[in-house]
Amino acid sequence: MQDYVVNRPDKGAMEQALRENSTGAAGAILRLAWQAGLLRDEIQRLTWEQVDLWDGAIVLPDRRVPIGRELSDWLQALRDGRDRSQETVVLSDRDHKPLTPQSISRLARTALDRQGQTSVRLIDLRHDFVLRQLEEHDWQYVSRITGVEAAGLNVHFAGHLEDKKISTRIRREETAQIDEFALWKLLRAEGASPAGVTLWLTWQAGLQLEEIVALTWDQVRGDRLCLPRREIPLSGGAKKALEELAAREGREGPVLTAPRSRQPYDRTRLSKLVRAALVRAGLDDLTLRDLRVDCALRSGGEGPILSHVRQQGWVTRNDVCALLNVSRTTAYNRLKQLVNRGRLTQVGARYYLPERVVPPDRQEAAVVDYLEREGFAYRQDVARLLGIGAVQCRPLLQRMLAQGTIVQDRQRYLLNRKAAPREEDLEPAVPAGGGGGEREL
C-alpha cells in the first residue's frame, strides 16, 4: 500500500505565487486549494451560486467552508470584473471557458514550479489547509469544513502536527445552546442507527453512555425502560427508534450490537459514532452531556425550579441542590441552561423570572431614569424598581457611587449634579450685559 505523502508548501513561496497571479485562472486555483481546501474537481465545478460573499463562505454539496477576508475580497473583485455571462468561477484566461481537470493541474504545476515548489502538488495545498486548521481548531470543526472523516484526520495528518495528535477537546467558554431543529433533522436522518438510538436515549431519556451500552431488550418494556435502580418513560421518538431497531435486529440480548461481530458496542466506539453524526449535522460543539442536562431540565428540573421562583420570587444554587437533591455543579449547570434558554435572568447569586426583573446590563440606566424623574431614592425604592432584593442593590449602588454617577445623602441616593455635564445638556453662554443671570452648573 502506497504511503499517504504530505508535502507542505513554503508559506513565503505561496504568498509570492499569489502576488504574481493576482488575476486569472492560476490565481483562482491556488487560492481555492490553499486558502479554502478545495479538491481539484470542486475547483473545476465551482459556480458563483456556491460562493456566499455576504457570509464569507463557499457552500459545497457536502459542507460549508468559511473563507477569510483576503479570499473573499479577491473573489469579489474577480466577480466584479466578469461580464456575468458565465456562472463557473474558474475560467480559461484565453477563451473564458471552463477548464478541464488536467488544465487545472497544469496551471497549478507551472505556478508552483516557478516558486521552486517542485515537490508540492495541487492536493498538497489542500493538505496544508487541513493541517493549518488542525493547528487552530479541534477535529470536529475541521472534519465539518473539509469533509475528511475523523479516522482520515488521525491516520493521515496527526503525524505532521507538533504534538503528533489531534485535539478532541471541544473548545467553548459557555454552555452549549441546543439547536433543536438541527437535532431533530439529525435524529430523523439517523433513524434506528446506533448513533440515532444513542442520541434518542440520551436526549429524551437522560441515559448515560454506560447505561446505553449495557441496555438489554428485556429492560425495554413498552413505553418504559426498567433499569436496575429506576424506571424511565420513553418519548414517542425514542420508542419508535427502538421498535424499528427491534424489527430489524430482533429482541434478544443487548440493544446495540456491532453489525459484524454482533457483540455489544464498547463505550469508546459508540461515542465516536455519535460524535461523527453530530459533526456531519453541524452540531460539532454539542456533547452527550449537554443532551443529558437538557433532558434533566425538561423532565425533572425545569418545572420545580420555575415553580419555586414563582412562589419565592427568586432561586439560588443552594435552593436547587435541596429542591432536586443534586450536587452544586449539577445545580449550576441546570440554572445556566435556563438562563441560556431565556427562562431565568441571573442577578448576582440569585435567579429571577425575566419579566419580573431588570437585567443587569440595564439596571444602571433604570436607576438614573428613576432619579431624573423622582429626584431621590432609598435602597428599597431601587429594589422595587429593579425587582430584586434590597441587599442585591448594594453592589450596584456602590459601583455607581464610585463612578460618580450618584451621591449619597444619609439613606437617600441622588444624581450627582456636579458631575461633568453631557454635551447635549449644556446651554449657550449668556453674553455679558445680556440681562441674564449666570448659569449654575
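These are short exchanges on why features of this predicted model carry the labels they do.

Me: Why is helix 2 called roughly perpendicular to helix 5?
Reply: Helix 2 (residues 24–34) and helix 5 (residues 101–114) pack at an angle of about 90 degrees. The label roughly perpendicular covers 65 to 115 degrees. The angle falls in that range, so helix 2 is roughly perpendicular to helix 5. Their axes lie 9 Å apart.

Me: Which residues make the contact of helix 2 with helix 5?
Reply: Helix 2 brings A25, A26, I29 and L30. Helix 5 brings I104, L107, A108, A111 and L112.

Me: What makes that contact nonpolar?
Reply: Ala, Leu and Ile are among the residue types that count as nonpolar. The contact of helix 2 with helix 5 divides into nine nonpolar residues, no polar and no charged.

Me: Just past helix 2, how do you know whether Q35 is buried or exposed?
Reply: Q35 sits in the loop between helix 2 and helix 3 (40–45). Its relative accessibility is 16%. Buried means under 20%. Q35 therefore counts as buried.

Me: What does Q35 touch, leaving out residues up to four places away in sequence?
Reply: Q35 touches L18, L30, E70, L71, F129 and R132. L30 is also one of the helix 2 residues that meet helix 5.

Me: How many aromatic pairs does the structure hold?
Reply: The structure holds three aromatic pairs.

Me: Why is the pair of W184 and W203 called edge-to-face?
Reply: The ring centres of W184 and W203 are 5.2 Å apart, and the planes make 65 degrees. A pair needs centres within 6.5 Å, and edge-to-face needs planes over 60 degrees apart. Both conditions hold, so the W184 and W203 pair is edge-to-face.

Me: Where do W184 and W203 lie in the chain?
Reply: W184 is in helix 9 (residues 180–190), and W203 is in helix 10 (residues 194–203). They are 19 residues apart, and the pair links distant parts of the chain.

Me: Are W184 and W203 buried or partly exposed?
Reply: W184 has a relative accessible area of 33%. That lies between the 20% and 50% cut-offs, so W184 is partly exposed. W203 has 2% relative accessibility, under the 20% cut-off, so W203 counts as buried.

Me: What makes F376 and Y378 an edge-to-face pair?
Reply: Their ring centres are 5.9 Å apart, and their planes stand at 90 degrees. The centres are within 6.5 Å and the angle is over 60 degrees, so F376 and Y378 form an edge-to-face pair. F376 is partly exposed at 31% relative accessible area. Y378 is partly exposed at 37%.

Me: Which residues do ring pairs link into a cluster?
Reply: Ring pairs link W184, W200 and W203 into a cluster. W200 also touches S235.

Me: Why is S235 called buried?
Reply: S235 has a relative accessible area of 18%, under the 20% cut-off, so S235 is buried. S235 is found in the loop between strand 6 and helix 12 (236–249). Q204 is also among the residues S235 touches.

Me: What makes strand 4 and strand 6 edge strands?
Reply: The open sheet has three strands in the order 4-5-6, with antiparallel pairing. Strand 4 (220–221) and strand 6 (231–233) each pair on one side only.

Me: How do you know that strand 5 pairs with strand 6?
Reply: Pairing takes at least two bridges. Three bridges join strand 5 (residues 224–226) to strand 6, and the two run antiparallel. One of the partnerships sets C226 against E231.

Me: How many bridges join strand 9 to strand 10?
Reply: Four bridges join strand 9 (residues 406–409) to strand 10, against a minimum of two for pairing. D409 has R412 as its bridge partner. In this hairpin two residues lie between the strands, and R410 takes a positive phi near 60 degrees. Strand 10 (residues 412–415) has Y413 and L415 on its covered face, and R412 and L414 on its uncovered one.

Me: Why is G282 called partly exposed?
Reply: G282 has 33% relative accessibility, between the 20% and 50% cut-offs, so G282 counts as partly exposed. G282 lies in the loop between helix 13 (267–280) and helix 14 (288–312).

Note on methods
Residues are numbered from 1 along each chain as its sequence is written. This is a predicted model: local features need pLDDT of at least 70, side-chain atom pairs count only at pLDDT 80 or more; totals for chains, interfaces and linings use all residues. Side-chain values use heavy atoms; hydrogens and water are left out. Axes are lines fitted to C-alpha atoms, for helices over the stretch in contact, and angles run from 0 to 180 degrees between N-to-C directions. Angles under 35 degrees count as roughly parallel, over 145 as roughly antiparallel, 65 to 115 as roughly perpendicular and the rest as oblique. Contact means heavy atoms within 4.5 Å. Buried means under 20% relative accessible area, exposed over 50%, partly exposed in between (1.4 Å probe, protein chains only). Rings of Phe, Tyr and Trp (its six-membered ring) pair if their centres lie within 6.5 Å; planes under 30 degrees apart count as stacked, over 60 as edge-to-face and the rest as tilted.
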